[in-house]
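Biologist: Please take a close look at the place where the parts of one chain come together, and then follow the contacts outward from there. I would like one connected account, with each term given its cut-offs.

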Amino acid sequence: MHILIVEDDQIARDYLAKALREVGHSVDVAVNGLEGLHLASSVALDLAIVDRMLPKLDGLALVQSLRATGRKLPVLILSALGDVDDRITGLRAGGDDYLTKPYHMSELMARIDALARRGELGSAEAATKLKLADLELDRMTRRVMRGGKKIELTAREFQLLEFMMRHSGQVVTRTMLLEGVWDYHFDPQTNVIDVHISRLRQAIDKDFDKPLLHTVRGAGYSLSEDE
Amino acid sequence: MDQEQRFLGVLASSPFRIAILYSIVFALGAVAMLGGVYFAVSRVIDGSTDNLIEAEVQGLREQVLVLSRSDFIELIEQRSQDQEVRGAVYLMVDPQLRPVAGNLPSWPKIAADQGKWIQFKVAVPYGDETRVHEVRAQRFPLPGGYRMLVGHDVQERQDVKNVMMRGLVAAVVLTMLLGLSGGFWMGRRILAHAGAISAVATQIMRGDLSQRLPVRDAEDELNTLAREINGMLDKIEQLTLGMRTVLDSAAHDLRTPLNRMQSTAEAAILQLDPASPERRVLETVTTEVDRMRGTLDALLRIALAETGTVAREAVDLSELVASIVDLYAPVTEERGIKLENDVAAGAHIQGSRQLLAQALANLLDNAIKFTPQGGRIRVFLRNEFGGPEVIVEDDGPGIPADKRELVLGRRVRLDQARKLPGSGLGLSLVAAVTKLHGARLVLDDAGPGLRVALKFRQT
């Protein structure tokens with residue numbers, strides 16, 4: 001992927017660029033908002049990571065200007081403010097995702113992958129049937145089958161599985177699940193998500209040889225055919 | 001319904017009540033003044049006719065002694081015809097009460113024991129119609145069993161009295177009407193103004209500090225008051241915005257170095273061998289950064305809630321409580337804790353869904369932390385009359401009554417909790433969020449355990 005980083009903090013910018021290059025992305029950097037807007041509108045990009053507070057042109061204004069020109073480029077906003085309202089204003093300005101500093105690199109990577117895939121899989125999101133190996137989920141009839149066997153899930157487990165299937169093959173973090181399935185933007189002190197996942201795992205993997213739901217150490221979970 | 005309520009509202013307003021009081025006072029004044037006039041005028045006109053009759057009776061009593069009967073009869077006839085003495089009434093009857101002379105058609109039927117003065121009604125022809133007039137008279141015997149009646153038509157004076165009485169009643173009614181309608185008008189005006197003020201005040205309480213009270217183009221007390229309150233609101237808005245700016249820059253200035261620390265440590269970790277002691281040190285650094293971030297998030301959210309400037313939306317509290325219960329249900333089950341809930345449907349409030357969700361999550365985190373295996377946590381949402389009430393109850397050790405106020409302060413952790421994880425800000429955040437929503441936070445003994453109740457107001 002070709003990713004643009006607009007960040008004025010040099011240490012954060014360098015580390016981010018290095019980390020993204022290491023996993024195989026090509027990276028452009030901009031140190032202020034104006035430069036960022038210029039690059040974002042002239043270079044072919046797959047994604048932009050924009051700091052919220054930038055010199056010359058504020059991160060929110062950058063995203064707004066970008067959207068005003070009709071560019072659909074996925075944008076992840078990084079913010080050092082990060083309270084309840086800032087998230088809403090960030091998304092309202094045209095951001096596709098919002099992450100508060102300090103963040104874990106694994107969290108950022110997972111969100112970048114999800115954002116990039118969202119563009120590709122625009123049609124899959126609307127599809128009524130989701131499929132992975134022998135696991136099938138029908139969003140219309142709300143039925144889940146694996147290997148021809150019906151799997152009984154609660155409403156919440158169904159939502160959880162649906163979210164995992166829409167992000168199959170990617171790492172999904174606990175915060176992403178909490179946001180995507182429950183629409184909550186805080187970290188509970190209790191390991192609530194882990195327990196929900198282990199129940200889902202019981203339901204879909206227990207009676208089958210090949211597990212589909214994997215734990216990704218230090219990052220989150222992933223639903224995929226590969227080990 | 002709305003109109004009716006507004007009408008009743010005006011009736012209950014203080015200007016209207018003052019107007020009622022003053023109307024009554026003025027009406028009493030009108031009664032006293034016009035009543036006095038009525039009384040005095042009545043006395044004067046009553047007295048003058050009575051004197052006239054007295055004099056006539058005296059005169060005739062003297063005449064009857066010196067005149068023969070036929071001359072007396074002629075005198076009576078003459079007096080009866082006299083146009084100058086308008087309204088004079090005479091009647092002379094024989095012992096069988098048959099009229100002999102005078103201008104009355106018959107002797108009035110009056111009980112004998114009526115005393116000196118009698119009053120009766122007579123039909124008087126007026127062109128085609130007849131009218132009933134009031135006559136006041138005296139009677140006296142004549143020689144030979146004849147009787148004499150001398151009186152006066154008092155209808156006119158009765159008319160004057162009636163007119164005066166009607167005037168009096170009309171004056172009282174008019175005073176009351178003017179007073180009441182004036183009061184109603186004033187009440188409505190003031191209520192409209194007060195209503196506008198209270199509507200804006202509600203919006204301001206909900207966190208929209210940009211709102212100002214309406215000021216009309218007049219120099220009355222309400223406008224002066226509204227202007228002064230607006231000045232106060234300018235000050236408050238300025239202070240709150242200042243607080244937010246400080247919060248924002250504090251957030252920025254703390255998160256940026258934390259982010260650098262995290263980035264640098266993570267980058268270094270990737271270069272190191274998993275077993276190296278340096279790596280373990282750096283992993284401790286990232287764990288501590290996480291902890292600091294948790295505390296910072298909590299502190300910033302508490303401070304934010306306390307500025308009261310969080311955006312509000314319509315929140316389905318029933319859905320929210322049910323979803324939090326749903327989020328925590330598996331975890332409690334795994335720990336051998338029974339999570340019971342009874343969530344009433346249809347509870348809606350204005351507020352911040354995220355902050356409310358976090359407050360409820362904090363309460364459940366706490367309850368789970370303090371509830372032993374085999375214990376029980378109960379979550380209720382009741383739609384009380386005054387507003388919805390959320391209750392989280394555990395059967396853990398509870399909080400002693402004298403420490404309940406204390407734990408709501410920042411970073412207070414009771415001795416028994418020191419060995420448990422947590423920032424000690426959980427309940428402080430609950431308290432700040434509760435306050436932000438104009439709700440009441442009540443800590444109670446669940447016997448055994450802690451009962452936390454969030455009592456919201458109806459919106």
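**Where the domains meet**

Modeller: In chain A, 8 residues of domain 1 are in contact with 11 residues of domain 2, contact being counted when the C-beta atoms of two residues, placed from the backbone, lie within 7 Å. This is a predicted model, in which local features need pLDDT of at least 70 and side-chain atom pairs count only at pLDDT 80 or more, while totals for chains, interfaces and linings use all residues. Residues are numbered from 1 along each chain as its sequence is written, and chains are lettered from A and ligands numbered from 1 in the order in which they are written.

Domain 1 of chain A covers 2-120 and domain 2 covers 124-223, with bounds from an automatic or database domain assignment; their centres, taken over C-alpha atoms, are 28 Å apart. On the domain 1 side of this contact, helix H5 (residues 105-120) of chain A gives the largest share, 7 residues. Helices (H or I, at least four residues) and strands (E, at least two) are DSSP runs numbered from the N terminus. By class, that domain 1 side holds 2 nonpolar, 1 polar and 5 charged residues, where Ala, Val, Leu, Ile, Met, Phe, Trp, Tyr, Cys and Pro count as nonpolar, Asp, Glu, Lys and Arg as charged, and the others, Gly among them, as polar.

Chain A as a whole has 9 helices and 12 strands, and its C-alpha atoms fill a box of roughly 60 × 35 × 35 Å along the principal axes.

Chain A also meets chain B, of which 38 residues are in contact with 30 residues of chain A. Helices H5 (221-271), H6 (277-307), H7 (317-334) and H8 (353-370) of chain B each give two or more residues to the side that touches chain A, and H5(B) gives the most, with 13 residues. By class, this side of chain B has 17 nonpolar, 12 polar and 9 charged residues.

Within chain B, H6(B) also packs on another helix: B:Ala298, B:Arg301, B:Ile302, B:Ala305 and B:Glu306 in H6(B) meet B:Ser428, B:Leu429, B:Ala432, B:Val433 and B:Leu436 in H10(B). By class, the contact of H6(B) with H10(B) has 7 nonpolar, 1 polar and 2 charged residues.
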